[in-house]
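Good morning, everyone, and thank you for making the time. Please look at the structure as I put it up, and I will walk through a few parts of it slowly.

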Amino acid sequence: DWSSDVCSSDLRPSFTAEVLIDFQPSAESASYLTNGQGNVLRHLSMLLDDQTLADVTFQVGQEIFKAHSIVLASGSPVLSAMFTQDFIENRTRVVEIRDTQPQVFKQLLHYLYTGKANLFEEEEMPLDLLMAADKYGVECLKEECASVLIKKLKEENVIQTLILAHHH
């Protein structure tokens, strides 16, 4: 038999808690933050590689690339418009790329996912990637390509580089 005394609202549990905040990060926590950024880039790279939840397909020459429109839109204003405005690509989720080689487009995708491009050692890659970066409005990649081109500037390629710089 419960009496009204036992069920009254005066019997509330009480407790005390202390919160300690350490404003000096330890070496372990600083490493965790750095590793966390690396993990995010690794996860994005894995998304591109395994195409989990990919929602757009690119036909580049004879190759097919699947990607995530939200990732692409975050790094390219051109692709953002393509996937958010009333373009056929937004409805079909298929984009045919005719003016870029597959290996160049692959590097552009990789850069949009990870902020890194890998094939700058190849002779034509910085030129081709600069043109693709310009076409899709990826300004930071354009700057990286320009830096690589400046380092590779020689008497033999100065005119071609000047023309490219003028156009892009």
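Let me begin with a question: which elements do the buried residues of α3 pack against? Before I answer, please keep in mind that what you see is a predicted model.

The buried residues of α3 pack against β1, α2 (69-75), α4 (88-92), β3 (94-97) and α5. The residues in question are Leu79, Met82 and Phe83, and because they cover an arc of only 85° around the axis, they lie on the same side of α3. If you turn to the other side of α3, you find Pro77 and Thr84, which are exposed.

Now I would like to stay with Phe83 for a moment, since it leads us to the aromatic residues. The structure holds four aromatic pairs, and one of them is formed by Phe58 and Phe83, whose rings sit edge-to-face, with 6.4 Å centre to centre and 80° between the planes. This pair links distant parts of the chain, for Phe58 belongs to strand β1 (residues 56-60) and Phe83 to helix α3 (residues 77-84), and the two are 25 residues apart. Are these two rings buried or exposed? Phe58 has a relative accessible area of 0% and Phe83 has one of 7%, and because buried means under 20%, Phe58 counts as buried, and so does Phe83.

Phe58 also takes part in a second aromatic pair, this time with Phe105, and here the arrangement is tilted, with 4.8 Å centre to centre and 50° between the planes. Because Phe58 lies in strand β1 while Phe105 lies in helix α5, this pair ties together parts that are 47 residues apart in sequence. Phe105 is buried as well, at 1% relative accessibility. If we now take a wider view, Phe58, Phe65, Phe83, Phe105 and Tyr136 form one aromatic cluster.

Finally, let me move along the chain to helix α6, which spans residues 125-135. Its buried residues are Met125, Pro126, Leu127, Leu129, Leu130, Ala132 and Ala133, and what covers them includes α5 (102-114), α7 (139-151) and α8 (158-167). Just after α6 comes Gly137, which takes a positive phi of about 70°.

So, to return to where we started, I would suggest following Phe58 on the screen, from its edge-to-face pair with Phe83 to its tilted pair with Phe105. Thank you, and I am happy to take questions.

Conventions
Residues are numbered from 1 along each chain as its sequence is written. This is a predicted model: local features need pLDDT of at least 70, side-chain atom pairs count only at pLDDT 80 or more; totals for chains, interfaces and linings use all residues. Side-chain values use heavy atoms; hydrogens and water are left out. Buried means under 20% relative accessible area, exposed over 50%, partly exposed in between (1.4 Å probe, protein chains only). Helices (H or I, at least four residues) and strands (E, at least two) are DSSP runs, numbered from the N terminus. Contact means heavy atoms within 4.5 Å. Rings of Phe, Tyr and Trp (its six-membered ring) pair if their centres lie within 6.5 Å; planes under 30 degrees apart count as stacked, over 60 as edge-to-face and the rest as tilted. The arc is that of the directions from the helix axis to the C-beta atoms.
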